[in-house]
Amino acid sequence: MPPTVTRCSNCGADVPSSAEQCRFCGAHLAGAGPQERSAPALKWRWSLGLVVLVAFAVSVTIVVVNRGGGARPGVRYTSVKATPSPSPMGYELHVSIQLTTTGAMPHMAPEVVVGAVCGAQSDHAKAFFMTLSNAPSGASFADTARLFFLPELPELPEECELTLTLAQTGGVERYCFAKGKTTAGACSP
């Protein structure tokens, strides 16, 4: 048999039926008769649990949809051309890039990091900064990266190995600038 309790008429707290005074608020319990204690209503706990579960499921769905189901954005380089350009103290290298998106790009689309090694000197620059954001699949873009702006190359480069990296995805493409032409693939040793 469950223990009998008396409900305080002042604060509503359950106190043992043998008590004469409420241990929470100090009110006298004269005239309060014993009552059977019932299990507290736990419906709100189930409702809260259900709301938390639904919120978690919705947030996971939104993240997966925003990431395109886990697919990484990609590009296909349709043209890469390096051009040395004279400057006041030597030479710069301008790398013109044309690309086509191979999938829909997210709002915060990655940029292309262009690296160049010309003899003992190396440099890198960014291209397509915020240009590819929200681009649909199959969209074409063009940009030029300016390398060796500071410090400049002391003489006209004979050969430069170029790397184009789609930031945040790790896709690397290599190109070789030699004898005034840019070709796909790494320069031969």
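Strands here are DSSP runs of E with at least two residues, numbered from the N terminus. With that in hand, let us walk through the structure above, which is a predicted model. T100 makes a good starting point: this residue sits in strand β5, which covers residues 90-101. Is T100 buried or exposed? Its relative accessibility is 11%, and buried means under 20%, so T100 counts as buried. The side chain of T100 also has a polar partner, since a contact of 3.4 Å links it to the side chain of S140.

Now step back to the whole chain. The protein has 11 strands and 1 helix. Read from the N terminus, the order of elements is β-β-β-α-β-β-β-β-β-β-β-β, with the helix placed after three strands. Of the 189 residues, 30% count as buried.

Next comes a sheet. Which strands form it, and in what order? Five strands line up as β7-β6-β9-β10-β11 in an open sheet, with antiparallel pairing. At the edges stand β7 (121-127) and β11 (181-184); each has a single partner strand, so one side of each is left without a neighbour in the sheet. From one strand to the next, the twist averages 20°.

You can follow the pairing around β6 residue by residue. Strand β6, residues 112-118, pairs with β9, residues 159-166, in the antiparallel sense over 6 bridges. In that pairing, V112 has L166 of β9 as its bridge partner. Strand β6 also pairs with β7, again antiparallel, over 7 bridges, and here V113 is matched with K126 of β7. The hairpin of β6 and β7 has 2 residues between its strands, and G119 in this hairpin takes a positive phi near 65°.

G119 turns up again when we look at the empty space around the protein. Rolling a probe the size of a water molecule over the atoms shows where empty space is left. The second largest pocket has a volume of about 170 Å³. What lines this pocket? Its lining consists of C118, G119 and Q121, together with L153, P154, E155, L156, P157, E158 and E159. Sorted by class, that lining has 5 nonpolar, 2 polar and 3 charged residues. The pocket also ties back to the sheet: C118 lies within the range of β6 (residues 112-118), and E159 within that of β9 (residues 159-166).

Finally, the loops hold some backbone details that may interest you if you like to check torsions. In the loop between β7 and β8 you will find N134, which has a positive phi of about 60° although it is not a glycine. The loop between β8 and β9 holds F148. Like N134, F148 is not a glycine, and F148 has a positive phi of about 60°. Is F148 buried or exposed? With a relative accessibility of 1%, F148 counts as buried.

The loop between β8 (140-147) and β9 is also the place of P151. There, a cis peptide bond joins L150 and P151, with omega at about -10°. The range given for β8 brings us back to where we began, as S140 falls within it, and the side chain of S140 is the polar contact partner of T100.

Terms used:
Residues are numbered from 1 along each chain as its sequence is written. This is a predicted model: local features need pLDDT of at least 70, side-chain atom pairs count only at pLDDT 80 or more; totals for chains, interfaces and linings use all residues. Side-chain values use heavy atoms; hydrogens and water are left out. Two strands pair if DSSP finds at least two bridges between them. Helices (H or I, at least four residues) and strands (E, at least two) are DSSP runs, numbered from the N terminus. Axes are lines fitted to C-alpha atoms, for helices over the stretch in contact, and angles run from 0 to 180 degrees between N-to-C directions. On a 1 Å grid over the protein atoms alone, a cavity is a set of points where a 1.4 Å probe fits but cannot get out, and a pocket is an open set with protein on both sides within 12 Å along at least five of seven lines; lining residues have an atom within 4 Å of a point. Grid points are joined across faces, edges and corners, and a volume is the space filled by probe spheres set on the points. Ala, Val, Leu, Ile, Met, Phe, Trp, Tyr, Cys and Pro count as nonpolar, Asp, Glu, Lys and Arg as charged, and the others, Gly among them, as polar. Buried means under 20% relative accessible area, exposed over 50%, partly exposed in between (1.4 Å probe, protein chains only). A polar contact is a pair of N or O atoms within 3.5 Å; within protein, one must be able to donate a hydrogen and the other to accept it, and residues adjacent in sequence count only if both atoms are side-chain atoms.
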